[in-house]
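Biologist: I would like a close look at a single part of this model and at what surrounds that part. Please give the cut-offs as you go.

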Amino acid sequence: MTAINRTSSVALLFGLALATTTNAQVTTINSAVIQSRAFNDIPGATYTGVNTYPGSISLSEQHVSSPTGFANRDVWQFSNNGTTAYGFQHNDYFHAQFSLNLTGTPISPRKEAGFLFNTGTDGELYFIVNTDGHEVVQFGGVSFWSFNANNGISYNSGDTITLGMTYFLDGNGKNALVFSANGVSSPVFEFGPGIGAGALGIDDGSTLGGYFQIQNDPNNPNNGGTAVFSNISVVPEPSALALLGLGITPLFLRRRR
């Protein structure tokens, strides 16, 4: 093994260890907090929330019917203390995932649910499904991707779909995002000048979780819907420990000898 190769291996291992150190705080996430009625345009509706993180979080609104008002929205966010939302740092690289079941009774007007990522630098980023448009779509921030138009994945009320989001340092050395629906991935979307707000990554203190929004139907007092998020997880990404588990360290040591 040449000196250059040894140096490259050391640099790789050091970089992986550093990546794990810088996003180690993600491993402290152990709970979720619910904010009911982030939008409260129909206050007379009936809200029900159940939080058994990481098993499931259920957000439900019934009787969403009023002469005026646009929608009600309920939000949950990852937390490491069970009280306040966890503030992701600009180098808190992660992979988050959940299975989502959204029902609308009826499916119109729109019921929607999915990821809500407040990045600070690039505002709110959404990765959602909806009942009336049958969409699986990501929008906001540095990216837009329709899994309907590009991958032929659609959504119907009552379906269960698995959504994933990864924030990572890509091969170009840029902070980036990639999204997945039922195991199918979007392209990589990089932060940087000329993209979105031009930020190089998320703001320190960014928050991540899910939401459920239901539009008002003045003509249907039984207008309702429920979003159930299950098998919720968030882990550091990239995971140096996982990469080392593939044999990088033993390979390095073996060649070194």
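Modeller: What follows starts with the whole chain, then takes up one strand and its surroundings.

The model is predicted: local features need pLDDT of at least 70, side-chain atom pairs count only at pLDDT 80 or more, and totals for chains, interfaces and linings use all residues. Residues are numbered from 1 along each chain as its sequence is written, and side-chain values use heavy atoms, with hydrogens and water left out.

The chain holds 4 helices and 15 strands (DSSP runs numbered from the N terminus: H or I of at least four residues for helices, E of at least two for strands). Of its 257 residues, 45% are buried (buried is under 20% relative accessible area, exposed over 50%, partly exposed in between, with a 1.4 Å probe and protein chains only). The accessible surface comes to about 11,500 Å², and carbon and sulfur atoms account for 54% of that surface (Shrake-Rupley method, 1.4 Å probe; for residues, only the protein chains shown count as cover). Among contacts between residues at least 6 apart in sequence, 67% join residues at least 24 apart (a contact means heavy atoms within 4.5 Å).

The part chosen is strand β5, residues 94-105, which contains L100. Strand β5 is joined to β10 (residues 160-169) by 8 bridges, and the two run antiparallel (strands pair if DSSP finds at least two bridges between them). With β15 (residues 224-236), β5 shares 11 bridges, again antiparallel. Individual partners can be named: L100 is bridged to I161 in β10, while N101 stands opposite V228 in β15.

L100 counts as buried because its relative accessibility is 0%. Leaving out residues up to four places away in sequence, L100 touches residues that include I161 and L163, A227, V228 and F229, and also A113, G114 and V129. The remaining residues touched by L100 are Y155, D159, T160. T162 is 62 residues from L100 in sequence, yet the two C-alpha atoms are 6.2 Å apart.

F94 belongs to the largest nonpolar core, a set of 48 residues in which F94 and V136 have the most contacts (such a core is a set of buried Ala, Val, Leu, Ile, Met, Phe, Trp, Tyr and Cys residues joined through side-chain atoms within 4.5 Å). Strand β5 gives the most to this core, with 5 residues. Apart from this core lies another, of 6 residues, among them L116, Y126, I128 and V137. In soluble globular proteins, nonpolar side chains tend to be buried together. The contacts of F94, with residues up to four places away in sequence not counted, include V26, F88, F117, M165, L208 and V234.

At its other end, β5 is followed by a cis peptide bond from T105 to P106, with omega near 0 degrees. P106 is in the loop between β5 and β6. A second cis peptide bond joins Y53 and P54, with omega about 5 degrees, and P54 is in the loop between β2 (46-52) and β3 (56-62). Most residues other than glycine have a negative phi, and most peptide bonds are trans.

Past that loop comes β6 (residues 111-118), which pairs with β14 (residues 207-215) in the antiparallel sense over 8 bridges. In this pair, E112 stands opposite Q213. Both strands belong to an open sheet of 7 strands with antiparallel pairing, in the order β1-β4-β14-β6-β7-β8-β9. Its edge strands are β1 (31-40) and β9 (143-146), each pairing on one side only. From one strand to the next the twist averages 20 degrees (axes are lines fitted to C-alpha atoms, for helices over the stretch in contact, and angles run from 0 to 180 degrees between N-to-C directions).

Within this sheet, Q77 is found in β4 (residues 71-79). Its side chain makes a polar contact of 3.4 Å with that of T207 (a pair of N or O atoms within 3.5 Å; within protein, one able to donate a hydrogen and the other to accept it, and residues adjacent in sequence count only if both atoms are side-chain atoms). R37, in strand β1, has a positive phi of about 55 degrees although it is not a glycine. R37 counts as buried because its relative accessible area is 18%.
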